[in-house]
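Visitor: I would like a close look at a single part of this model. Please start from one side-chain contact and follow the chain outward from there.

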Amino acid sequence: MRYLFIPSKAEKNNATAGEVAEPDPWVLRTPGLQDGYAIHQLIAACPPLDLNSVYVYLLLCEHFSGTCVVAAREHDVDGFISAYRLPEKPNTLFVWQVAVHERARGSGLGQRMLQYLLEHVADVQFIETTVSPDNQASRRMFESLAQDHAVSLQESEFFEQSAFGEQDHPSEPLLRMGPFVRITA
Ligand SMILES: CC(C)(COP(=O)(O)OP(=O)(O)OC[C@H]1O[C@@H](n2cnc3c(N)ncnc32)[C@H](O)[C@@H]1OP(=O)(O)O)[C@@H](O)C(=O)NCCC(=O)NCCS
């Protein structure tokens, strides 16, 4: 079983031009402990993401690797998504942080990693995430995923600015996309 195949941005562009797509240079895979520190460095290089401790990224690599993904190019980690199933709604994958290094942006890598999770995490029907109102790149990435799969995207209030106390943090509305449809391979 797999999700409906969505072509990469390079494949879409080249298909329009009637050409054969160059393969993307990144290998997508589940993260391991060896990636924890590199992921921490990637997040540090990707504002406005909150930088968590190295320990948090090691935990994600050890306990949640099955619902996370890294995009590696030779020895560099250029992309990472942390995600987990909602304990009370296991058919819903909560996407926590999405990071694509500046040098790798604009090639559809963020989209490809989301698609990877849809294909590799069993029985996911919905994706939830929070996106601050002014993060256009992130918003567009999730809107594009919903459009490509022809699923609805609903927005609702979630973490209000006041929930962050004295931290200068924008509100984080919730985006919920789905239901994603599985097709038999
Ligand atoms: C958000 C982010 C992950 C996007 O990664 P990316 O690999 O460049 O995104 P993609 O190439 O997959 O683009 C997906 C869509 O978003 C659009 N997009 C990407 N960057 C954009 C920008 N800066 N402004 C507007 N739209 C943008 C793309 O055009 C594409 O739309 P399309 O499918 O209609 O062509 C990346 O910019 C990033 O790491 N930013 C810093 C951290 C962050 O904000 N993370 C998200 C919050 S959790």
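Guide: Happy to. Let's begin with Arg 73, which lies over the face of Trp 26, at 5.9 Å from the ring centre. Please keep in mind throughout that this is a predicted model.

Arg 73 sits at the end of strand β3, residues 69-73. That strand belongs to an open sheet of 7 strands, in the order β2-β3-β4-β5-β6-β8-β7, with mixed pairing. At the edges stand β2 (27-29) and β7 (152-159), and each has a single partner strand, so one side of each is left without a neighbour in the sheet. From one strand to the next, the twist averages 25°.

Within the sheet, β3 runs antiparallel to β4 (residues 76-86), and 5 bridges join the two. Val 70, for instance, has Phe 80 of β4 as its bridge partner. Helix α2, residues 36-44, packs on the sheet here, touching β3, β4 and β5 (89-100). The direction of α2 makes about 95° with that of β4. Helix α5 (residues 136-148) packs on the sheet as well, touching β5, β6 (126-130), β7 and β8 (172-178). Its direction makes about 20° with that of β8.

Now for the packing between these elements. The largest nonpolar core has 29 residues, and the members that touch the most others are Ile 81, Phe 142 and Met 177. At least two residues of this core come from each of β3, β4, β5, α4 (109-120), α5 and β8. Helix α4 supplies the largest share, 6 residues. Phe 142, which falls within α5, shows how the core is knitted together. Beyond its neighbours within four places in sequence, Phe 142 is in contact with Val 95, Val 98, Leu 114, Thr 129, Val 131, Leu 153, Leu 175 and Met 177. Apart from this core lies another, of 12 residues, including Ile 39, Ile 43, Cys 46 and Phe 80. That is the Phe 80 we met as the bridge partner of Val 70.

Another charge over a ring is found at the β6 and β8 strands: the charged end of Arg 176 sits over the ring of Phe 126, 4.0 Å from its centre.

Rings also meet one another, and the count comes to 5 aromatic pairs. Phe 158 and Phe 159 form a tilted pair, 4.2 Å centre to centre, with 35° between the planes. Both residues fall within the edge strand β7. Phe 158 is partly exposed, with a relative accessible area of 37%, and Phe 159 is partly exposed too, at 39%. Phe 159 also pairs with Phe 164: the planes stand at 85° and the centres are 6.4 Å apart, so this pair is edge-to-face. Phe 164 is partly exposed, with a relative accessible area of 22%. Elsewhere, ring pairs link Phe 64, Tyr 84 and Phe 94 into a cluster.

Stepping back to the whole chain, there are 5 helices and 9 strands, which follow the pattern β-α-β-α-α-β-β-β-α-β-α-β-β-β along the sequence. Of the 185 residues, 42% count as buried. Taking contacts between residues at least 6 apart in sequence, 66% join residues at least 24 apart.

Key. Residues are numbered from 1 along each chain as its sequence is written. This is a predicted model: local features need pLDDT of at least 70, side-chain atom pairs count only at pLDDT 80 or more; totals for chains, interfaces and linings use all residues. Side-chain values use heavy atoms; hydrogens and water are left out. Two strands pair if DSSP finds at least two bridges between them. Helices (H or I, at least four residues) and strands (E, at least two) are DSSP runs, numbered from the N terminus. Axes are lines fitted to C-alpha atoms, for helices over the stretch in contact, and angles run from 0 to 180 degrees between N-to-C directions. Contact means heavy atoms within 4.5 Å. Rings of Phe, Tyr and Trp (its six-membered ring) pair if their centres lie within 6.5 Å; planes under 30 degrees apart count as stacked, over 60 as edge-to-face and the rest as tilted. Buried means under 20% relative accessible area, exposed over 50%, partly exposed in between (1.4 Å probe, protein chains only). A charge sits over a ring if NZ of Lys or CZ of Arg is within 6 Å of the ring centre and within 35 degrees of the ring normal. A nonpolar core is a set of buried Ala, Val, Leu, Ile, Met, Phe, Trp, Tyr and Cys residues joined through side-chain atoms within 4.5 Å.
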